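Visitor: I am new to this structure and would like a close look at a single part of it, the places where rings take part in contacts. Please take me through them slowly, and then on to the nonpolar core.

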Amino acid sequence: MKKTKDIKKILAKITAFRVLNYRSIKDSGLISLPTNDRIFVLAGQNESGKTSVLSALNDFELDEHNVDTKPFGMSTGSQDIECTYEVVEPTLFIEALEKRVAGEKKVNLDGGVKIFSEKLKVKQIMLTRKYDIKTGGSSLVLDDSSLQAITGAIKKESIASEDGTQVKTPIIEITSDEISDAVWRTL
């Protein structure tokens, strides 16, 4: 019997990032990654921040934060790691996001139930992980256009109100933090 590998499809790829207030990096500026090949070179003199950039991206990906990464002398504000993604497989991405949200919200998708409208199209996503320097707290923020597209695409159901009129309400209640987390985990 021949074994086949289960190859995961790439749903999205990182196209740009920005690092703010991380170790010696005050603001990296928006750094765009090449789209036509898979080669990216991070070059610079010693102590110029190359390792800090890689550490910041690692912290973003793993949702880990080391208090030693805050810039010297900074006691308030936030460290921001912003990543922009191009959704390569929009249909598969939405399906995967729907399954993740359904699992977290305990929605049964059997029988063709859908959480999101077929109108939902997401081509680019920007997520920012913010670490509050004073409290050490972490938050994940999805860009407004993606957040509005996703929340606006949640299907609605008609429910009779007390006065007998039909009211359309979303089939699930989900916060922007929950959506941001679900998108990050799907990516």
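Guide: R129 lies over the face of W184, at 4.5 Å from the ring centre, and the charged end of R129 also sits over the ring of F60, 5.3 Å from the centre of that ring. This is a predicted model, and the distances given here are computed from it.

Turning from charge and ring to ring and ring, the count of aromatic pairs comes to one. In that pair the ring centres of F17 and F40 are 6.4 Å apart and their planes stand at 80°, which is over 60 degrees, so the pair is edge-to-face. Because F17 lies in strand β1 while F40 lies in the loop between β3 (31-32) and α1, the pair ties together parts that are 23 residues apart in sequence. F17 has 2% relative accessibility and so counts as buried, whereas F40, at 38%, counts as partly exposed.

The largest nonpolar core has 39 residues, and F116, I150 and V183 are those with the most contacts inside it. Among the elements that give two or more residues to this core are β1 (12-22), α1 (50-62), β5 (124-132), α3 (144-152) and α4 (176-186), while the largest share, five residues, comes from α2. To follow one residue of this core more closely, take I150, which, leaving aside its neighbours within four places in sequence, is in contact with L97, F116, L120, V122, L142, I179 and V183.

Conventions: Residues are numbered from 1 along each chain as its sequence is written. This is a predicted model: local features need pLDDT of at least 70, side-chain atom pairs count only at pLDDT 80 or more; totals for chains, interfaces and linings use all residues. Side-chain values use heavy atoms; hydrogens and water are left out. A nonpolar core is a set of buried Ala, Val, Leu, Ile, Met, Phe, Trp, Tyr and Cys residues joined through side-chain atoms within 4.5 Å. Buried means under 20% relative accessible area, exposed over 50%, partly exposed in between (1.4 Å probe, protein chains only). Helices (H or I, at least four residues) and strands (E, at least two) are DSSP runs, numbered from the N terminus. Contact means heavy atoms within 4.5 Å. Rings of Phe, Tyr and Trp (its six-membered ring) pair if their centres lie within 6.5 Å; planes under 30 degrees apart count as stacked, over 60 as edge-to-face and the rest as tilted. A charge sits over a ring if NZ of Lys or CZ of Arg is within 6 Å of the ring centre and within 35 degrees of the ring normal.
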